Amino acid sequence: MTEELDLDDRLTAAPSKGLAGHIAVPGDKSISHRALILGGMAEGETRIEGLLEGQDVLHTAAAVRALGAKVTRLGDGLWTVQGAPWRSPEAPIDCGNSGTGARLLLGAAAGYDIEATFTGDDSLRSRPMRRVLDPLRQMGARVGESDRLPVTIEGGGLRGISYRSPTASAQVKSAILLAGLHAEGEVEVIEPARSRDHSEKMLRAFGCEVETEGHRVRLGARRQLKAADIMVPGDPSSAAFPLVAALLVPDSEVTIYGVLTNALRTGLFETLLEMGADLAFANERVVGGEEVADITARSSILTAVEVDSVRVPSMIDEFPILAAAAACAAGQTLMHGLGELRVKESDRLSAILIGLKRCGVSAAIVGDTLMVDGCDGPCAGGAEIATHGDHRIAMAFLILGLACRRPVAVDEAEMIGTSFPGFAALMASLGARIGGAR
């Protein structure tokens with residue numbers, strides 16, 4: 001077992017060779033949030049295996065507990081949740097850095113006759129909540145005028161809604177569906193394109209009737225939740241980092257077991273295959289209603305591609321690491337429709353651009369399109385990257401540093417634990433030269 005590296009300081013990634021190993025990555029963050037929330041709303045005891053124990057999900061566990069459910073950690077990734085009618089919490093609920101946790105909890109809480117205040121860290125308090133609060137207001141939830149956290153919501157007495165979402169957003173869709181569990185009348189969401197469907201699949205696993213037709217999702221008449229056993233597969237957004245590292249670092253071969261391959265989450269894998277990546281999928285199976293596979297990545301020569309905006313919902317969190325891959329590819333990669341990246345944990349679009357330029361990569365933003373002129377091999381590197389507290393920016397540029405001619409450092413790394421606890425140690429176990437720098 002590789003000893004965990006200290007993430008309280010800067011981290012530096014140096015040029016590496018021959019990454020190799022068979023590993024598992026932490027459980028999927030999206031599914032982990034939903035398992036805790038639905039378990040807390042359900043009748044009976046829900047058992048969850050493989051729960052991501054990153055800071056974002058731990059904040060959601062604490063929130064569900066504060067709202068009245070009994071949440072217990074039994075061991076590494078093994079949790080139980082005893083559901084109960086939700087109650088008004090004694091203090092504001094801190095969602096930390098998690099937009100998913102905050103928006104889903106707002107929706108779930110709106111269905112109960114309670115009053116709850118939700119807040120978060122500086123980053124989360126700066127991020128937009130109107131996209132969720134507007135439909136909740138239309139359903140009858142009493143919410144103050146603020147469209148950013150902290151937000152106090154008074155729930156209960158909700159009416160149904162037929163909501164045409166202006167964007168394809170699993171968070172908006174899920175918040176409405178969760179609120180709709182306790183609403184009177186028809187509840188449906190129509191999206192311009194399909195977004196992640198983890199909520200629909202998990203609601204069915206908990207006994208709720210959910211109908212889907214094209215881009216329309218509708219709750220049926222049966223909405224009472226019953227406890228379920230949930231197995232959380234490996235997070236594809238986390239798997240992306242060691243997989244891309246293996247593609248970029250010479251003489252590498254890395255296999256990751258049990259990765260979620262839900263078709264609405266595999267946009268990055270499809271894009272990498274189009275770039276010429278040597279990715280192999282084996283032992284494909286279904287676990288708890290979700291598609292899972294073991295994925296092997298081998299060193300590859302990548303060429304530029306054009307990513308259409310229709311693919312964005314299936315890889316919204318993976319553009320930082322795709323930019324790292326594009327930096328080492330031959331030709332100009334175009335990524336369209338990235339406006340949503342401006343309102344993530346940081347302005348990711350600007351952070352990616354600035355970081356690439358510091359590493360000697362020619363790149364530009366035109367509207368919502370990112371253009372990356374690949375180096376056709378190792379980039380210059382030799383930079384320190386400002387992460388702005390964004391875990392995915394930190395990990396993406398550390399991975400790029402493994403394939404640069406000179407080391408790449410990130411100014412802070414502690415927040416990597418929000419989604420990928422043990423990242424540095426796991427990468428080091430594969431042979432990556434990642435370590436602390438003071």
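A residue is counted here as buried when its relative accessible area is under 20%. By this criterion, strand β3, which spans residues 45-49, shows an alternating pattern in the predicted model. The side chains of T46 and I48 are directed to one face and are buried, whereas those of E45, R47 and E49 are directed to the other face and are not buried.

Strand β3 has two pairing partners among the elements described here, namely β5 and β14. With β5 (residues 78-82), the pairing of β3 is antiparallel and comprises four bridges; within β5, W79 stands opposite I48. With β14 (residues 229-231), β3 pairs in the parallel sense through three bridges, and M231 of β14 is the bridge partner of E49. Thus I48, a buried residue of β3, faces W79 across the pairing with β5, while E49, which is not buried, is matched with M231 in β14.

A further set of pairings involves β10, β11 and β13. Strands β10 (residues 159-164) and β11 (residues 184-190) are parallel and are joined by five bridges, with V187 in β11 as the bridge partner of I161. Together with helix α6 (residues 170-180), these two strands make a β-α-β unit of right-handed sense. Strand β11 is also joined to β13 (residues 216-219), in this case by three bridges and in an antiparallel arrangement. The bridge partner of E188 in that pairing is R218 of β13.

An open sheet is formed by four strands in the order β2-β15-β17-β16, with mixed pairing. Its edges are β2 (20-24) and β16 (278-287), each of which pairs on one side only. From one strand to the next, the twist averages 15°. Strand β2 runs parallel to β15 (residues 253-260), and five bridges join the two; one of the matched pairs is I23 with I256 of β15.

Helices α8 and α9 both contact strands of this sheet. Helix α8 (residues 236-248) packs on the sheet and touches β2, β15, β16 and β17 (290-298). The direction of α8 makes about 165° with that of β15. Helix α9 (residues 267-274) lies across β15, β16 and β17, and runs at about 150° to β16. Within α9, the buried residues are G267, L268, F269, T271 and L272. The elements covering these residues include α8, β15, β16, β17, β18 (306-307) and α10. Just after α9, G276 adopts a positive phi of about 100°.

Helix α8 also meets helix α10 (residues 319-328). The axes of α8 and α10 come within 10 Å and cross at roughly 5°. Because angles under 35 degrees count as roughly parallel, α8 and α10 are therefore roughly parallel to each other. On the α8 side, the contact is made by A240, F241, V244 and L248; on the α10 side, the residues are I321, A324, A325 and C328. Classified by residue type, this contact has eight nonpolar residues, with no polar and no charged residues. Helix α8 thus touches strands of the four-stranded sheet and also meets α10, while both α8 and α10 are among the elements that cover the buried residues of α9.

Definitions and conventions: Residues are numbered from 1 along each chain as its sequence is written. This is a predicted model: local features need pLDDT of at least 70, side-chain atom pairs count only at pLDDT 80 or more; totals for chains, interfaces and linings use all residues. Side-chain values use heavy atoms; hydrogens and water are left out. Two strands pair if DSSP finds at least two bridges between them. Axes are lines fitted to C-alpha atoms, for helices over the stretch in contact, and angles run from 0 to 180 degrees between N-to-C directions. Contact means heavy atoms within 4.5 Å. Angles under 35 degrees count as roughly parallel, over 145 as roughly antiparallel, 65 to 115 as roughly perpendicular and the rest as oblique. Ala, Val, Leu, Ile, Met, Phe, Trp, Tyr, Cys and Pro count as nonpolar, Asp, Glu, Lys and Arg as charged, and the others, Gly among them, as polar. Buried means under 20% relative accessible area, exposed over 50%, partly exposed in between (1.4 Å probe, protein chains only). A crossover is right-handed if, with the strands pointing away from the viewer, the path from the first strand over the helix to the second runs clockwise.
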